Amino acid sequence: MRHSFLVFALLVLLSACAPQASRVNSAAASAAWRADTSWAFETSDVPLDPGYRLGRLANGMRYAVRANKFPQGTAVVRMEVAAGSLDEAPGERGFAHFVEHMAFNGSTHVPEGEMIRLLARNGLAFGPDANASTGFEQTTYLLDLPRNSPKLLDTALMLMRETASELSFTPEAVAGERGVVLAEMRDRNGWQLRNAMDDARFFHPQAVYPQRFPIGAAETVRSTSPEGLKAFWRREYVPAHATIIVIGDFDPALMEAKIRDQFANWEPAAVAPQPDGGPVRIEDRARTEVYIDPALSERVIAARHGAWLDEPDTRAQRRENLLRQIGYGVVNRRLQRISRQPNPPFRGAGFGSGKVFTAGRTTRLVVDTVDGTWRRGIDAAARAYRHSLKSGFTPGEIAEQVANIRAAAEDAAASADTRSNRALANGVFALLRDRLVPSDPRDALARLNAFIPEITPERVLAALKREAVPIKTPLIRFQGRRLPVGGEKALAAAWRHALHEVPGQQAQAASSSFGYHDFGASGGLVADGVGPLGIREVRFANGIMLNVRRTDIEKDRILVQISIDGGDKLATKTDPLATELFGTLPAGGLGKHSQDELQSILAGHTLGTDLASGEDRFILSGRTTARDLEEQLDLLAAFVTDPGYRPEGEVQYRLQINNFYASKDATPQSALQTAIGGILSDNDPRFSLQPIQAYRGLSFARLREAIADRLAQGAIEIGIVGDIDEAEAIRLVGRSFGALPTREPAFRSYAEQPPRAFTGKRGRRILRHGGPEDQALLRLTWPTRDDADPIETLRLELLEKVVRIELTETLREKLGEAYSPTAASAPSRSWRGYGTFAITATVDVDEVSAARAAIVATLRELRSRPIDSDLLQRARQPMIGAFDNGLKSNFGWMTLVDRAQTERDRIDRYLRGKAWLEAMTPADIQAMALRYLDPGGAVEVLVLPASSAKAEP
């Protein structure tokens with residue numbers, strides 16, 4: 001199961017948290033806040049969004065229901081149980097997580113092992129559509145229903161009720177799932193988790209939560225009994241702890257009745273109070289720690305604690321909240337500006353405050369530096385922090401933050417009637433977890449606009465100071481891959497020195513207007529028609545191809561995607577990194593504006609500048625609105641015609657690549673990913689990781705030389721999807737991209753490029769990783785074929801789903817050796833004749849041979865006889881659901897619209913794919929396994945710990 005470590009942003013750069021109106025220091029008041037299960041809207045003057053129907057059954061269970069048609073014909077069902085790892089006694093560490101796993105086993109009315117199968121038969125894939133997570137304070141169960149049929153909704157509610165009150169804890173089931181839980185614990189024992197745990201212990205040494213991370217303790221999981229697990233479940237899974245959330249396309253009154261029918265007879269029980277995660281020692285100060293791990297980049301954190309702040313959700317509270325959000329935003333914008341200098345003192349920095357459950361709050365200044373430069377980073381970040389809190393903010397800085405906040409609020413209000421099921425469910429989660437009333441975005445915008453005239457730099461600074469704890473004589477934590485010179489004393493001395501430095505003035509971005517609105521005379525049309533699926537297909541006189549599809553899926557939301565001929569096909573064996581820096585272009589800004597200037601100039605606009613190099617094309621994309629579509633197209637056209645190639649972009653890239661190389665072998669997964677390309681291609685440099693010097697030597701000058709011709713002349717195809725006026729979209733493209741000089745009329749084939757070959761060497765390759773000694777990873781890879789035959793591609797995908805189910809039931813459920821075995825089919829669309837099928841399993845280093853044998857046995861079984869009809873249904877139904885729901889999102893539409901003129905076959909595949917899939921038989925799957933998955937024909941990659949003295953399995 002997916003696992004959430006809810007450490008309230010104290011483990012990463014902190015964002016501003018919600019401020020509170022009054023300080024409450026007593027443990028009794030804090031406990032009362034946690035024990036209160038009333039709805040927050042009952043005592044708030046913030047109006048509840050009227051679309052929600054919220055209620056409580058006589059047994060104490062709460063529910064939230066809402067009718068919604070986005071996506072149409074679907075629904076989501078959630079159950080949140082207010083019981084997590086903080087509810088565990090010392091001898092129960094890991095019980096909340098273990099119970100979550102047991103929910104997918106047997107129950108009173110669902111035989112052991114049948115719950116996941118039942119969901120799959122109904123089109124829910126385990127993982128994407130059926131999942132659960134355990135946190136410190138709650139456990140959440142999630143079902144995304146591909147259909148809104150009454151029968152499926154009844155099944156979903158039945159399964160939630162089974163989890164709530166009917167689970168079985170047979171010795172056999174507990175023993176079987178124990179191995180899965182231990183496998184998950186083994187896999188998650190990476191440098192990130194270990195660092196997070198140490199961070200928690202250092203900053204809160206007396207608190208409970210560092211000893212109650214949801215993943216649990218191995219010794220407890222190994223020794224727990226079925227009776228112990230069941231006792232925890234019965235104690236914590238009671239009606240007063242549970243909330244059922246159902247959002248989707250149905251009659252809400254009928255759904256309320258269904259919930260009552262399913263849960264009203266759940267017997268009420270006493271509620272055990274949840275312990276707080278604290279205590280937090282407000283007086284804790286002047287301690288220092290150095291934490292070393294080879295995978296960690298250098299970071300220094302300075303922090304101080306304060307009292308927990310009570311936060312009744314009111315209009316006044318939200319105004320205070322907004323002021324503080326703006327204040328944190330300005331400080332972090334200043335830090336960001338410093339990090340973008342040609343020779344920055346730090347890679348990044350952040351300032352913010354966050355609550356520590358209801359035990360206290362913490363304010364942190366986090367500074368990420370290049371290894372060995374921590375002194376310079378502390379000095380620069382501390383001076384910026386001190387200047388901000390001493391001298392306050394400028395009207396221009398406040399205006400930039402307000403513009404962005406207002407734009408986000410306007411976007412939310414415009415699309416309020418087309419919010420997704422998931423978004424509406426998340427509103428209920430915020431109500432349950434943070435007691436924030438989900439209000440109508442249009443009401444929120446009205447309140448914001450009314451308050452904006454009252455926002456001043458002075459009010460923002462005062463609100464920030466009411467929230468932020470002064471970072472004086474702080475707790476200082478250093479993390480990195482090598483000891484800081486001078487150790488802990490040097491860290492403390494560096495902070496003292498920074499506090500006595502004269503802060504100095506902060507550089508401000510020069511204000512100007514966007515310099516790219518004129519690309520020449522608007523281009524005329526040479527073709528305009530409507531193709532399959534109602535996609536408007538246009539060609540301009542200069543060769544630009546445009547595909548437009550209006551949808552009503554998300555009101556006032558528009559996706560734009562630009563495809564330009566080239567991409568990674570420009571890389572050669574002699575210059576394999578030709579396009580490596582393309583995705584970094586936004587950091588280099590534009591010819592007329594730096595990245596930092598653009599951020600200020602474009603404040604208040606909803607725009608995207610995502611750039612990537614694909615296999616055979618460059619991709620530029622953004623998500624925008626109708627009011628900003630012109631600005632979005634102008635911005636992307638500017639990156640095509642006048643990229644800035646500024647040196648700060650190169651600097652940011654080199655900092656990232658240095659960190660990447662320092663940690664590339666830190667885990668089995670990262671060691672595999674960095675090496676697999678070279679292994680499968682016989683070290684073809686186009687598909688292999690190069691020496692670090694090759695990446696350090698890259699420059700924008702080299703990139704410009706490699707891509708200039710394609711940016712100037714390469715074929716361009718544009719896709720626009722969303723709530724748009726088609727004629728207006730065509731006009732705006734005409735005055736931007738349509739005004740460019742004539743382009744090549746078609747995408748190149750690049751037939752002159754040497755083919756992508758799959759290695760002829762079979763057998764085992766050994767890699768080493770720097771993680772724990774019990775972690776191993778096994779991957780088997782076979783060559784398959786390209787994507788030219790759509791039916792074979794679909795059969796391979798169905799085979800992938802079959803293999804994944806079979807491996808889950810063998811490696812995971814029967815043997816308990818692997819937490820999440822996977823299978824993946826990847827036929828190439830751009831490399832003729834190339835494709836792969838891979839099986840990957842993370843296992844205990846002592847179980848490699850058994851895992852390999854289980855995989856081989858599974859494959860031999862698949863090759864020896866056709867699968868049964870039930871397995872075929874469980875593999876196929878989620879794929880059918882994907883076809884049924886594929887065009888219920890703008891992103892789904894974009895997969896067909898973006899290349900509708902040059903890759904029309906993808907539309908035909910979508911239209912015919914469901915029928916092809918439904919016609920596939922068990923014999924078809926057996927034929928694919930026989931053709932491609934010969935157990936002796938795989939390339940085996942085994943990743944073992946570098947520190948292990950064991951012989952290779």
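**Exercise 1. Locate Ala-286 and describe its backbone and exposure.**

Solution. Ala-286 sits in the loop between α9 and β8. In this predicted model, its phi is near 55 degrees, a positive value in a residue other than glycine. Most residues other than glycine have a negative phi. For exposure, the cut-off is over 50% relative accessible area. Ala-286 has 58% relative accessibility and therefore counts as exposed.

**Exercise 2. Carry out the analysis of Exercise 1 for Thr-473.**

Solution. Thr-473 belongs to the loop between α15 (457–467) and β13 (475–480). Its phi is positive, about 40 degrees, although Thr-473 is not a glycine. The relative accessible area of Thr-473 is 41%, so the residue is partly exposed.

**Exercise 3. Describe the peptide bonds that precede Pro-71 and Pro-279, and place both prolines.**

Solution. Start with Pro-71, which lies in the loop between β3 (62–67) and β4 (75–81). The bond from Phe-70 to Pro-71 is cis, with omega near 0 degrees. Next, Pro-279 is in the loop between α9 (252–263) and β8 (288–292). Gly-278 and Pro-279 are joined by a cis peptide bond with omega of about 10 degrees. Most peptide bonds are trans.

**Exercise 4. Determine which parts of the chain are tied together by the salt bridge between Glu-726 and Arg-536.**

Solution. The closest N and O atoms of Glu-726 and Arg-536 are 3.1 Å apart. Glu-726 is in helix α23 (residues 726–735) and Arg-536 in strand β15 (residues 536–540), so the pair ties together parts that are 190 residues apart in sequence. Glu-726 is partly exposed, with a relative accessible area of 22%.

**Exercise 5. Analyse the salt bridge between Glu-717 and Arg-899, then the network that contains both residues.**

Solution. In this pair the closest N and O atoms are 3.3 Å apart. Glu-717 is in strand β20 (residues 716–722), while Arg-899 is in the loop between α27 (890–897) and α28 (905–919); the two are 182 residues apart. Both Glu-717 and Arg-899 are buried.

A network of salt bridges includes these two residues, and among its other members are Arg-617, Asp-787, Arg-829 and Arg-909. Arg-909 is located in helix α28 and, at 15% relative accessibility, counts as buried. Leaving aside neighbours within four places in sequence, the contacts of Arg-909 include Asp-787, Arg-829, Phe-883 and Trp-916.

**Exercise 6. Give the strand order of the five-stranded open sheet, its edges, and the helix α5 that packs on it.**

Solution. The order is β21-β25-β22-β24-β23, with mixed pairing. The edge strands, each pairing on one side only, are β21 (763–769) and β23 (822–827). From one strand to the next the twist averages 20 degrees. Within the sheet, β22 (residues 775–783) and β24 (residues 835–844) pair in the antiparallel sense over nine bridges. Gln-775 has Asp-844 in β24 as its bridge partner. Helix α5 (residues 171–188) packs on the sheet and touches β22 and β24; the direction of α5 makes about 100 degrees with that of β24.

**Exercise 7. State how many cavities of 30 Å³ or more the structure holds, and describe the lining of the largest cavity.**

Solution. There are five cavities of 30 Å³ or more. The largest cavity has a volume of about 80 Å³. Its lining residues include Phe-104, Met-115, Leu-119, Asn-131, Tyr-141 and Met-160. Two or more lining residues come from each of α3 (114–121), β6 (139–145) and α4 (150–165).

Conventions
Residues are numbered from 1 along each chain as its sequence is written. This is a predicted model: local features need pLDDT of at least 70, side-chain atom pairs count only at pLDDT 80 or more; totals for chains, interfaces and linings use all residues. Side-chain values use heavy atoms; hydrogens and water are left out. A salt bridge is a side-chain nitrogen of Lys or Arg within 4 Å of a carboxyl oxygen of Asp or Glu. Helices (H or I, at least four residues) and strands (E, at least two) are DSSP runs, numbered from the N terminus. Buried means under 20% relative accessible area, exposed over 50%, partly exposed in between (1.4 Å probe, protein chains only). Two strands pair if DSSP finds at least two bridges between them. Axes are lines fitted to C-alpha atoms, for helices over the stretch in contact, and angles run from 0 to 180 degrees between N-to-C directions. Contact means heavy atoms within 4.5 Å. On a 1 Å grid over the protein atoms alone, a cavity is a set of points where a 1.4 Å probe fits but cannot get out, and a pocket is an open set with protein on both sides within 12 Å along at least five of seven lines; lining residues have an atom within 4 Å of a point. Grid points are joined across faces, edges and corners, and a volume is the space filled by probe spheres set on the points.
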